[in-house]
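Please work through the following exercises with the sequence and the model at hand. Each task is followed by a solution in steps.

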Amino acid sequence: MSFSCTFRRTILAASLLAGLSQVGSHAASLPAPFDTQLAADFPKLEAFYRDLHANPELGFAEHKTAAKLAERAKALGFEVTTGVGGTGVVAILKNGPGPTVMLRTEMDALPVLEKTGLPFASKVTTKNAAGDTVPVAHACGHDLHMAAWYGTAKLMAENRKAWSGTLMLIGQPSEEALTGAAAMLKDGLFTRFPKPDYALSMHDDASMASGTIMWHAGAFRASADTVTITMFGQGGHGAVPHETRDPVVMAARLVMALQTLISRENNPLDPVVITVGSIQGGTQANIVPDQVKLALTVRTFRPEVRQRVLASIAREAKGEALAAGAPKEPLVEVKTGTDSVVNDPQLVARAVKAVEQAVGPDFVKEMPAKMTSEDFAMYGQQPGVKALLLHVGAVDAGRLEAAKKAGKPLPGTHSPQWAPDLKPTLTNTIKAETAILLDLMAPQR
């Protein structure tokens with residue numbers, strides 16, 4: 001292990017331990033009345049979840065979904081603003097002096113044909129931004145996140161004597177495209193409304209048993225960029241390839257060359273993913289096309305690694321074109337996605353203590369960082385905002401164990417078969433969110 005990596009990990013561990021030592025006795029447990037109330041509320045929350053699941057909407061088209069969230073928040077006494085950043089919802093509940101704490105949920109679904117077989121499975125189709133008709137499903141759990149958001153909001157609104165401060169609820173559009181957070185911030189999320197001291201969000205996960213709250217301090221979710229490369233050649237007849245400059249061959253060589261950026265140019269202790277998800281070119285077997293287009297997703301954690309990898313991708317593309325005698329340089333276009341989610345170590349330590357008291361230490365586990373991305377990252381980048389993204393296990397423990405023994409992966413998020421084990425997952429998500437909020441907004445004594 002390199003000295004720099006060891007040093008970074010030592011500093012992170014020290015920060016986390018320092019945070020744990022500062023929590024002490026003020027970490028909030030979930031009071032018994034909250035548990036009783038949550039149990040009584042659960043049928044209503046389950047019905048809301050089923051309604052959201054059966055009626056999904058794509059990013060920036062979450063009009064009915066946003067209205068449902070806004071309606072419920074207003075009924076609880078929140079001051080609600082809609083249409084923020086397109087279809088975003090902001091609900092504010094001021095309850096005396098104290099910090100401002102933001103709880104975010106995503107609202108959008110995916111263009112996926114649901115195959116869960118649930119009685120309330122989505123049958124929705126719609127037109128996407130390109131005008132194509134696509135199926136729509138909540139294959140990532142945002143419906144569960146919204147149901148938890150409402151359940152937590154209800155507990156907090158109906159127990160105002162237990163906390164003091166400003167609770168800021170966010171219904172964010174278009175998380176799947178990694179564009180919703182930026183849209184809300186651009187529309188004045190932290191200037192038109194109170195700027196939060198803390199930002200919190202939760203996400204369901206297929207890697208652990210239902211209701212397990214999972215945490216990771218520091219860099220947690222990767223940055224994401226989309227790179228589109230167009231390789232140009234000289235088209236012609238497939239029977240006389242020597243009279244052409246074949247961009248299909250250039251693209252094939254480039255796919256393999258890109259992997260050496262990871263295996264031979266990157267420190268293996270700095271994770272990088274380069275996936276070529278699409279190659280398009282040509283019309284039939286006996287024609288050499290004059291261009292081929294590749295689409296890549298690039299995932300990294302550190303800004304300097306991100307910049308270097310993107311520059312190296314462009315260099316490799318140009319090198320392959322030069323080696324093949326292409327008529328012109330390739331076109332390399334980078335669409336910036338989102339930065340890495342970084343969980344504040346001291347906030348993690350404080351939240352872990354609170355959540356352990358709410359759901360029990362057996363249901364709180366550390367998890368590794370993930371190469372998937374989340375535009376929740378943008379909130380924590382704003383000066384003065386400490387951010388925390390937690391995951392919650394959503395697969396029945398027996399089913400998960402059986403799959404591990406059989407060596408067969410279970411469907412995860414973004415799968416047409418994804419369906420979280422609802423009751424334990426939703427219940428512990430609400431308990432965790434509420435416990436953290438009560439701790440951060442404990443009344444001053």
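**Exercise 1: Helix 3 and its surroundings**

Gly-77, just after helix 3, adopts a positive phi of about 100 degrees. The model is predicted, so local features need pLDDT of at least 70, side-chain atom pairs count only at pLDDT 80 or more, and totals for chains, interfaces and linings use all residues. Residues are numbered from 1 along each chain as its sequence is written, and side-chain values use heavy atoms, with hydrogens and water left out.

Task: State which residues of helix 3 are buried and what covers them.

Solution.
1. Helix 3 spans residues 63-75; helices are DSSP runs of H or I with at least four residues, strands are E runs of at least two, and both are numbered from the N terminus.
2. Thr-65, Ala-66, Lys-68, Leu-69, Ala-70 and Ala-73 are buried (under 20% relative accessible area, 1.4 Å probe, protein chains only).
3. The cover over these residues includes helix 2 (32-54), helix 4 (142-157) and strands 1 (79-84), 2 (88-95), 3 (100-106) and 6 (165-172).

**Exercise 2: The lining of the largest cavity**

Task: Determine which residues line the largest cavity and how they divide by class.

Solution.
1. The lining consists of Ile-213, Trp-215, Ala-351, Val-352, Val-355, Val-364 and Leu-390.
2. Strand 8 (213-215) and helix 8 (345-359) each give two or more residues to this lining; the largest share, three residues, comes from helix 8.
3. By class, the lining has seven nonpolar, no polar and no charged residues (nonpolar: Ala, Val, Leu, Ile, Met, Phe, Trp, Tyr, Cys and Pro; charged: Asp, Glu, Lys and Arg; polar: the others, Gly among them).
4. A cavity is a set of points on a 1 Å grid over the protein atoms alone where a 1.4 Å probe fits but cannot get out, and lining residues have an atom within 4 Å of a point.

How values were computed: On a 1 Å grid over the protein atoms alone, a cavity is a set of points where a 1.4 Å probe fits but cannot get out, and a pocket is an open set with protein on both sides within 12 Å along at least five of seven lines; lining residues have an atom within 4 Å of a point. The expected span of a helix is 1.5 Å times one less than its number of residues. Buried means under 20% relative accessible area, exposed over 50%, partly exposed in between (1.4 Å probe, protein chains only). Contact means heavy atoms within 4.5 Å.
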